[in-house]
Amino acid sequence: MRAIELQKTGSIEGWVQVERPEPKPGPGQALVRIRAVSLNYRDLFIALGRYPGSRPSNLIPASDGAGEVVAVGAGVTRVKPGDRVAPTFFQTWTDGPRTPEKVAHALGGSVDGVLAEYVAVDAEGLVHLPEHLSFEDGATLPCAAVTAWNALVPEGGLAPGQTVLAQGTGGVSIFALQLARALGARVIITSSQDAKLERAKGLGADGTVNYKQHPNWEEPVLALTGGQGVDHVLEVGGAETLPHSLRATRPGGHISLIGMLSGGVAKPDPATVEAKKLNVQNTYVGSRAMFEDMNRVLAQHRLKPVIDRVFPFEQAREALRHMEAGAHFGKIVIKL
């Protein structure tokens, strides 16, 4: 089978197309023919050698994919051949609170990911795709969509009428916009490009802020909320953007620390957090149960992921370069 291996970190050139033996499903496993894969900034950071943690040599990258089950191992009843599925980001985090054991192994990081024609994964770590979604749609869900859902609902307790601030127009933020609007919340989106902000308005954004035009972007955010501040922030920028997020959040509000796009890990100022009684949490994707709860909302509202561009498998490096350029709106997909 064809696969991509990360043979050397430090550049996108480390992604190399190879031939590998097709895996066989062991007891408790399912063999999935991968039809589509979507990229996350984590994949770029791992390729560039900028992501924490150790990795096996010749790692198959990417955590997010979708396809159909073609065979199952002994004892598997959860899925059957022909089922359309997506593997979960954390194969062993089925339900309940996050524990070190449940998040010890993430696809495309400490263990092989899904950028291959076939993968053998834990059958308990598979989720059925909503019927209205294609394989390309389904491939966008495991990391970005579940992260947005976890930040808003299980951790954030989002209620109708509340206001969400989502930074940028990448996968997590656009999913946050779609999910929050479906659940009756208001959404403010930031971006450096007016054209992207207009697209966000078309998806239902209630307010937009160009952070290049407004370096202290918390000021227009506060103005959009009548001086109160937002209820929830999805903080994907990291060290440089967090101080602005802290000022943009209402007293008692909720901030989910998700990304480090500005180059550093966000470390909230304890004095500000205490003074405003903020709930600041590190959000790290989510469980299979969260994925399934989110899928029910996607199906109920017929929500479709926003896909920026689909690349053929042979152009996997080009897809990663497209992510590095930062010009995308929504998700980048590789079709197998």
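**Strand β15, ring pairs and a pocket**

Student: What makes β14 and β15 a pair of strands in this predicted model?

Tutor: Strand β14 (residues 307–312) is joined to β15 by five bridges in the parallel sense, and two strands pair if DSSP finds at least two bridges between them, so β14 and β15 meet the rule. Strands here are DSSP runs of E with at least two residues, and helices are runs of H or I with at least four, numbered from the N terminus. Residues are numbered from 1 along each chain as its sequence is written. Because the model is predicted, local features need pLDDT of at least 70 and side-chain atom pairs count only at pLDDT 80 or more, while totals for chains, interfaces and linings use all residues, and side-chain values use heavy atoms, with hydrogens and water left out.

Student: Which residues are the bridge partners of Lys 335 in β15?

Tutor: Lys 335 is the bridge partner of Pro 312 and also of Ala 36. Strand β3 (residues 29–38) runs antiparallel to β15, with three bridges joining them.

Student: Why is β15 described as largely enclosed by the rest of the structure?

Tutor: Four of the five residues of β15 (residues 331–335) are buried, so the strand is largely enclosed; buried means under 20% relative accessible area, exposed over 50%, and partly exposed in between, using a 1.4 Å probe and protein chains only.

Student: Why is the pair of Phe 89 and Tyr 284 called edge-to-face, and the pair of Tyr 41 and Phe 45 tilted?

Tutor: A pair of aromatic rings is described by the distance of the centres and the angle of the planes. Rings of Phe, Tyr and Trp (its six-membered ring) pair if their centres lie within 6.5 Å, and planes under 30 degrees apart count as stacked, over 60 as edge-to-face and the rest as tilted. By this rule the count comes to five aromatic pairs. The rings of Tyr 41 and Phe 45 have centres 6.3 Å apart and planes at 35°, so this pair is tilted; both residues lie in helix α1 (residues 41–48), four residues apart. For Phe 89 and Tyr 284 the centres are 6.0 Å apart and the planes at 65°, so that pair is edge-to-face.

Student: How do you know whether Phe 89 and Tyr 284 are buried or partly exposed?

Tutor: Phe 89 has 2% relative accessibility and therefore counts as buried, whereas Tyr 284, with a relative accessible area of 30%, is partly exposed.
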